[in-house]
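I opened this entry to look up the cysteines and how they are paired. Notes follow in the order I took them.

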Amino acid sequence: MENMRMVAMISLGLLWVLLVVLGTHAITITVKDEDEGNQEALHQLVEAKGDTLGGAHQPMHNLTTSSCSCDKLLLSSLGPAAISQPKVMGIYTRSYTSYNQHPSYRQNYGADYRLYQLSSGWLVGHKRGANTGYVYNPDTSQTCPYLIQSGWLYYNSVYGVWYPDTTLVLRCIQ
């Protein structure tokens, strides 16, 4: 009986070392019925170690990685937006960082335009976070911009006005 207690204490000591080394990584502990004497010791260890024994806080809702699977978008128009704002048309690649807990995208060539979400909607502009731009959609209900089916506007710099273009679309291409 004394040997079993010694083995249990050594096992608990090794478990404690594993917990310290592994930090917050989850560990599964299986206790067999014949180890009833050790159950109390394990229970005390769990109580002492608290919530670091396994599990973790719920993850922050990362909309960039969990909801939006598309890495490349194509912004295109067959209408007036293509004439008024030709430089913003093209392929946008997902940035490594999000903006406002939403994915942001960067044009692959040209003037380096950005696509990002503001509190008022999705915007294509020169600098991520700026509230001025060239293409806009007020739909804030979609987590991913390529899921927006309609309502895209373009800025006509000649008249200083935002106009709708029903052929202006943003599509996932990869």
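**Cysteine notes**

I looked up Cys70 first and found it buried, with a relative accessible area of 1%. I note that the model is a predicted one.

I then checked the partner. Cys70 and Cys172 form a disulfide, with 2.0 Å between their sulfur atoms. Cys70 sits in the loop between H3 and S1 and Cys172 in strand S9, so the bond ties together parts 102 residues apart in sequence. I read 100° about the S-S bond, and this link of Cys70 and Cys172 is right-handed.

Is Cys172 buried or exposed? I have it as partly exposed, because its relative accessibility is 39%. Strand S9, which holds Cys172, covers residues 169-172. Leaving out residues up to four places away in sequence, I list Cys70, Lys72, Leu73 and Tyr146 as the residues that Cys172 touches. I also looked at Leu74: its C-alpha is 6.4 Å from that of Cys172, with the two positions 98 residues apart in sequence numbering.

How many disulfides are there? I count two. The other pair I looked up is Cys68 and Cys144, which form a disulfide with their sulfur atoms 1.9 Å apart. This pair links distant parts of the chain, 76 residues apart: Cys68 is in the loop between helix H3 (63-66) and strand S1 (72-76), and Cys144 is in the loop between strand S6 (135-137) and strand S7 (153-156). The torsion about the S-S bond of Cys68 and Cys144 is about -105°, so I enter this disulfide as left-handed. I find both Cys68 and Cys144 buried.

Last, I wrote down the connectivity: counting bonded cysteines along the chain, the disulfides follow the pattern 1-3, 2-4.

Key: Residues are numbered from 1 along each chain as its sequence is written. This is a predicted model: local features need pLDDT of at least 70, side-chain atom pairs count only at pLDDT 80 or more; totals for chains, interfaces and linings use all residues. Side-chain values use heavy atoms; hydrogens and water are left out. Helices (H or I, at least four residues) and strands (E, at least two) are DSSP runs, numbered from the N terminus. Buried means under 20% relative accessible area, exposed over 50%, partly exposed in between (1.4 Å probe, protein chains only). Contact means heavy atoms within 4.5 Å. A disulfide is a pair of cysteine sulfur atoms within 2.5 Å.
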